[in-house]
Amino acid sequence: MTFLLTLLFLFSPVLSQATTYYVSTTGSNGNNGTSEETPFATIAFAVTTMVAGDTTYVRGGTYNESGVRFRTTGTQASPIKLLAYPGELPILSCTASSAELNSITIRNNAGSTTPMGWITIDGLKIQNCNDGIKGENIHNSTFTHLWLLNNDNQGVLITGAHDNVFAYNVVQHSGDFANCVSCTQQHGLYLSGKRWSIHHNVFVDNLAYGVQQNGSGSANNPATVPDAAFRGAQDWVISDNTFSYQSRRAGIVVWGSTTTNFRIENNIFYENAVVQSSGVAQGVDFVSATGVTGGSIRNNHFYASGSGGQSYLGTAPPTSYTNSGNVVNVSPPAFVDGGSNSLPVSPDFRLTANAPVDIARSNE
């Protein structure tokens with residue numbers, strides 16, 4: 001019996017032990033990081049330490065650092081989580097001179113074409129980076145309760161993806177406003193892949209589009225997106241978001257020929273394409289999308305007045321899509337402090353009790 005038990009032990013699968021880490025502005029990377037009394041000092045060190053099953057809680061305060069990179073994938077049973085400590089706001093403020101290091105990067109140690117999955121980032125403020133979050137071939141991951149502010153390129157840049165969620169975030173002032181005021185390729189979200197769920201976010205004052213749904217050639221390049229499961233831009237749902245005051249472009253762009261079966265519904269589009277002419281779209285734009293089929297734009301609220309883009313949809317829409325139940329330039333949204341046709345100093349896009357019924361219902 002003893003011999004049998006020994007054999008069973010030797011040939012049983014080895015299960016990794018999940019570890020919880022802590023980070024604090026008063027910590028040290030010489031600590032073990034495994035208790036609130038012995039926290040690490042930097043987010044980058046904690047993220048580098050984590051493997052499948054591990055969780056890191058980041059205490060409130062500002063972390064002036066760079067090189068935050070997820071290097072190993074989680075699994076369905078053992079995800080990797082980077083979380084704000086409950087009730088506190090940690091702020092990652094990037095400091096590197098290199099754009100490559102100035103982001104939260106999700107890239108496998110085996111190379112950018114190796115998938116990374118089951119990663120959660122929740123509750124952080126990410127500011128003054130190149131891209132707030134960037135990565136390649138990411139799947140089954142969740143990005144929630146983030147505030148992406150003043151990032152010089154994209155708020156989030158991900159090429160190659162499937163089955164990810166981006167929800168309950170604020171994406172604000174993405175783009176190099178100081179040095180590239182005429183740029184039109186710096187967005188709140190620049191994403192490709194299949195089955196993105198983008199809901200209950202606020203996109204405000206980004207240099208170009210709030211969301212770019214990238215179904216162009218770059219989303220189908222086998223050199224960077226080798227697996228067909230990660231290619232294209234199909235089966236997206238973009239719902240219950242507020243898009244306000246994007247500077248040079250509309251709230252959303254459907255881009256490229258592989259953006260089939262998208263749903264854009266129950267969103268508010270308010271005073272976008274601020275510096276453009278009145279004929280430009282402020283709601284949903286289309287680029288090289290004439291061959292796209294299976295799209296749906298429904299039950300959205302579009303409102304624009306004064307200067308800037310006035311059209312709720314762009315020219316050259318998809319060949320086959322439905323457009324129904326949308327409200328255009330009727331009953332402006334009743335924000336707590338949303339401005340009229342100019343961005344307020346301290347915008348507050350929560351809806352008041354005086355909001356139209358259709359808007360209040362869609363944003364519950």
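## Strands, cores and charged pairs in a predicted model

H199 touches V165, F166, A167, Y168, S239, D240 and N241, leaving out residues up to four places away in sequence. The model is a predicted one. H199 belongs to strand β17, which covers residues 194-199. With a relative accessible area of 18%, H199 counts as buried, because the cut-off for burial is under 20%.

T242 lies in strand β21, residues 242-244. T242 is buried, at 5% relative accessibility. Between T242 and A228 there are 32 Å from C-alpha to C-alpha, although the two are 14 residues apart in sequence.

### Sheet pairing

Strand β21 is also one of 10 strands in an open sheet with parallel pairing, in the order β3-β6-β10-β13-β15-β18-β21-β24-β27-β30. At its edges are β3 (61-65) and β30 (327-328), each of which pairs on one side only. Within this order, β13 (residues 147-149) and β15 (residues 170-172) pair in the parallel sense over 3 bridges. Here L149 stands opposite Q172 of β15.

Other parallel pairings involve β22. Strand β19 (residues 211-214) pairs with β22 (residues 252-255) over 4 bridges, and Q213 has V254 in β22 as its bridge partner. Strand β22 also pairs with β25 (residues 281-287), again in the parallel sense and over 4 bridges. In that pairing, the bridge partner of V253 is D285 in β25.

### Nonpolar cores

The largest nonpolar core has 56 residues, and those touching the most other members are I43, F70, I121, I133, F166 and I198. Apart from this core lies another, of 8 residues, including V204, Y270, F335 and F349. F166 of the largest core is among the residues that H199 touches. For I133, the contacts beyond four places in sequence are I104, I106, I121, I126, F143, L146, L148, G155, V156 and L157.

### A buried aspartate

D131 is placed in the loop between β10 (125-127) and β11 (133-139). D131 is buried and has no salt bridge; K134, the nearest side chain of opposite charge, is 4.6 Å away. That distance fails the salt-bridge criterion because the criterion requires nitrogen and oxygen within 4 Å. The side chain of D131 does make a polar contact of 3.4 Å with that of N130. Beyond four places in sequence, D131 is in contact with N102, S103, I104, N153, Q154, G155 and L157.

### Salt bridges

Side chains of opposite charge can pair when their charged atoms come close. The model has 9 salt bridges, among them the following.

| Salt bridge | Closest N to O distance |
|---|---|
| R59 and E88 | 2.7 Å |
| R107 and E100 | 2.5 Å |
| E100 and K134 | 3.2 Å |

The pair of R59 and E88 links distant parts of the chain, 29 residues apart: R59 is in the loop between β2 (55-58) and β3, and E88 in the loop between β5 (80-84) and β6 (90-94). R59 is partly exposed at 25% relative accessible area, and E88 is partly exposed at 27%.

E100 and K134 are 34 residues apart, with E100 in the loop between β6 and β7 (104-106) and K134 in strand β11. K134 is buried, with a relative accessible area of 8%. Salt bridges that share partners join E100, R107, K134 and E136 into one network. Within this network, R107 is buried at 15% relative accessible area, whereas E100 is partly exposed at 40%.

How values were computed. Residues numbered from 1 in each chain as written. Predicted model: local features only at pLDDT ≥ 70, side-chain atom pairs only at ≥ 80, totals over all residues. Heavy atoms only, no water. Pairing = 2+ DSSP bridges. Helix = DSSP H or I, 4+ residues; strand = E, 2+ residues; numbered from the N terminus. Core = buried A, V, L, I, M, F, W, Y, C linked by side-chain atoms within 4.5 Å. Buried < 20%, exposed > 50% of the residue type's maximum accessible area, 1.4 Å probe, protein only. Contact = heavy atoms within 4.5 Å. Lys, Arg positive; Asp, Glu negative; His and termini not counted. Polar contact = N/O pair within 3.5 Å; in protein donor to acceptor, adjacent residues only side chain to side chain.
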